[in-house]
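Please follow the account below with the sequence and the coordinates at hand, moving from the interior of the chain outwards.

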Amino acid sequence: MLILVGYVIVIGSVLGGYAMVGGHMGALYQPAELVIIFGAGIGAFVAANNGKGISATMRTLPRLMRGSQYSKEICVDLMTLLYLLLAKARQSGMMSLEQDIENPSESTLFSAYPKLVQDKLVMDFLTDYLRLMISGNMDAFEIEALMDHEIETFQHEAEIPAHGLAAMGDSLPAFGIVAAVMGVVHALGSAALDPSEIGPLIAHAMVGTFLGILLAYGFVSPLAARVRSQVEEVVKIMQSVKVTLLANLNGYAPPLSIEFGRKALFSTERPSFSELEEHVRGVKSGGSAQASS
């Protein structure tokens, strides 16, 4: 939604300022130059990317319309889930988690957090490393190195659409100049026209430069920045899971382990210590009451 709001502000500011100086809106309507600029930009995008990069970009574009995927509520749920898993492992041994991580949708621990279970990326990351911890054949340093490699690989792949869109945005001003030059060539090639008729043709040609710059910095480049922002949110969640599990591997108790994970979150989504403690206490007391009944 913010993307549409931003686009409306861009269009309103540019066209509003143009109208304030008495500009004629009809002069800006140049569909042929839009075809040149957009067509060349898309062609360059296709030429610069392989099939995987193009399909990844097509899948990413609809997701840009969503807001933040990881709200403060989701982060509190994630920290609570991690606490419950680590507390169960500490009380009953790591092998007690085997059934939970093999079938998260059927686990009483995981099923209490359906939004997290539906997040395949985070669930796969969490359950894979819990599975490695259960195996007991890897130490904390080896698991940390493996986590770093996986996060780095995910970030590299997830930012491919951002790189493609940024490159396309950088190319649009140049293609705008191409469209303008072609318009000037067309105007100067019309030698039979009167000077009063050539002037509007030159003005229409200059619209190409305007459109190229506007489309690049007002529409396409912001999409690349939006993709990077969404990728950073996911990476931060993965890092939070990482430091929580590593803290537990290094011998810290579950309450301290989730404190490591809480500190790794962005400040806008990070719950305070008291908020998280109160939430965890409420979940624990609810589970105890359920067990006694």
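The largest nonpolar core, meaning a set of buried Ala, Val, Leu, Ile, Met, Phe, Trp, Tyr and Cys residues joined through side-chain atoms within 4.5 Å, holds 64 residues, and those with the most contacts inside it are L78, L81, L82, L85, L126, L130 and L245. Helix α11, spanning residues 195-249, gives the most to this core, with 17 residues. Once neighbours within four places in sequence are set aside, L82 is in contact (heavy atoms within 4.5 Å) with L126, V241, T244, L245 and I258.

This is a predicted model, in which local features need pLDDT of at least 70 and side-chain atom pairs count only at pLDDT 80 or more, while totals for chains, interfaces and linings use all residues. Residues are numbered from 1 along each chain as its sequence is written, and side-chain values use heavy atoms, with hydrogens and water left out.

The chain contains 13 helices and 0 strands, these being DSSP runs numbered from the N terminus (H or I of at least four residues for helices, E of at least two for strands). Of the 293 residues in the chain, 38% are buried, where buried means under 20% relative accessible area, exposed over 50%, and partly exposed in between, with a 1.4 Å probe and protein chains only.

Along its principal axes, the C-alpha trace spans about 95 × 40 × 30 Å. Among contacts between residues at least 6 apart in sequence, 76% join residues at least 24 apart.

Towards the N terminus, V5 lies in helix α1, residues 2-20, and V5 counts as partly exposed because its relative accessibility is 38%.
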